[in-house]
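I opened a fresh page for this structure. I look things up one at a time and write down what I find.

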Amino acid sequence: MGRRKTFNRLPQAKQLAKQLILHRLWDGKTQDTVAKLLGVTFQQYQKLEKCENRVLAEQLLKLCDTYNWDPRTILKADPI
């Protein structure tokens, strides 16, 4: 029996994924654009937003630095 990914059941992981989607859409970015910035494939980034893969701290910081997003807002899940 293989290991199951249980992090997608964590409410914090789901909320972080939702914030990535919201921030990306607010900035008018495509998944492909963000994936290229992070150096991953479109499919890998899509899995981040679906909460199938974990978002690494380095990836989150790179997005925040590049797009001028406030990581505190994303982590607190406050869309204001």
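**Entry: D32 and K36**

I started with D32 in this predicted model. D32 is partly exposed, with 33% relative accessible area. Which residue does the side chain of D32 meet in a salt bridge? I found K36, at 3.3 Å from N to O. K36 counts as exposed, at 61% relative accessibility. Both residues sit in helix α2, which covers residues 31-38. They are four residues apart there, so about one helical turn separates them.

**Entry: the other salt bridges**

I then asked how many salt bridges the structure holds. The count is three. Another of them joins R24 and E49. Their closest N and O atoms are 2.6 Å apart. I looked up where the two partners lie. R24 belongs to helix α1, residues 11-26, and E49 belongs to helix α3, residues 42-49. This pair therefore ties together parts that are 25 residues apart in sequence.

Are these two partners buried or exposed? R24 has a relative accessible area of 9% and is buried. E49 is also at 9%, and it counts as buried because the cut-off is under 20%.

D70 and R72 form a salt bridge too. Here the closest N and O atoms are 3.1 Å apart. D70 counts as partly exposed at 29% relative accessibility. R72 is exposed, with a relative accessible area of 59%.

**Entry: P71**

Between those two in the numbering comes P71, so I checked it as well. P71 lies in helix α5, which spans residues 71-76. P71 is partly exposed, its relative accessible area being 27%. I also noted a separation from L61, which is ten residues away along the chain. The C-alpha atoms of P71 and L61 are 7.2 Å apart.

**Entry: the chain as a whole**

I stepped back to see the overall layout. The protein chain has five helices and zero strands. Read from the N terminus, the elements run α-α-α-α-α. Of the 80 residues in the chain, 31% are buried. I also looked at contacts with a separation of 6 or more. Residues 24 or more positions apart account for 60% of them.

**Entry: α1 against α3**

I went back to the two helices that R24 and E49 join. Two packed helices are described by the angle between their axes and by the distance between the axes. For α1 and α3, the angle is about 120° and the axes are 7 Å apart. The two helices are therefore oblique to each other. Which residues make the contact? From α1 they are A17, L20, I21 and R24. From α3 they are Y45, L48 and E49. I sorted the residues of this contact by type: five are nonpolar, none is polar and two are charged.

**Entry: α2 against α3**

Next I looked at α2 and α3. They pack at about 105°, and their axes are 8 Å apart. That makes α2 roughly perpendicular to α3. On the α2 side I listed Q31, D32, V34, A35 and L38. They meet F42, Y45, Q46, L48 and E49 in α3. The residues of this contact divide into six nonpolar, two polar and two charged. D32, from my opening entry, is one of the α2 residues here.

**Entry: Q59**

I picked Q59 next. Q59 is found in helix α4, residues 57-67. Is Q59 buried or exposed? Q59 is buried, with a relative accessible area of 14%. I then listed its contacts, leaving aside neighbours within four places in sequence. They are L38, V40, L48 and R54.

**Entry: the aromatic pair**

My last search was for paired aromatic rings. The structure holds one such pair. Y67 and W69 form it. Their ring centres are 5.2 Å apart, and the planes are at 40° to each other. The pair counts as tilted, because 40° is neither under 30 degrees nor over 60. I checked the exposure of both partners. Y67 counts as buried at 14% relative accessibility. W69 is buried too, with a relative accessible area of 8%.

Methods
This is a predicted model: local features need pLDDT of at least 70, side-chain atom pairs count only at pLDDT 80 or more; totals for chains, interfaces and linings use all residues. Side-chain values use heavy atoms; hydrogens and water are left out. Rings of Phe, Tyr and Trp (its six-membered ring) pair if their centres lie within 6.5 Å; planes under 30 degrees apart count as stacked, over 60 as edge-to-face and the rest as tilted. Buried means under 20% relative accessible area, exposed over 50%, partly exposed in between (1.4 Å probe, protein chains only). A salt bridge is a side-chain nitrogen of Lys or Arg within 4 Å of a carboxyl oxygen of Asp or Glu. Axes are lines fitted to C-alpha atoms, for helices over the stretch in contact, and angles run from 0 to 180 degrees between N-to-C directions. Angles under 35 degrees count as roughly parallel, over 145 as roughly antiparallel, 65 to 115 as roughly perpendicular and the rest as oblique. Contact means heavy atoms within 4.5 Å. Ala, Val, Leu, Ile, Met, Phe, Trp, Tyr, Cys and Pro count as nonpolar, Asp, Glu, Lys and Arg as charged, and the others, Gly among them, as polar.
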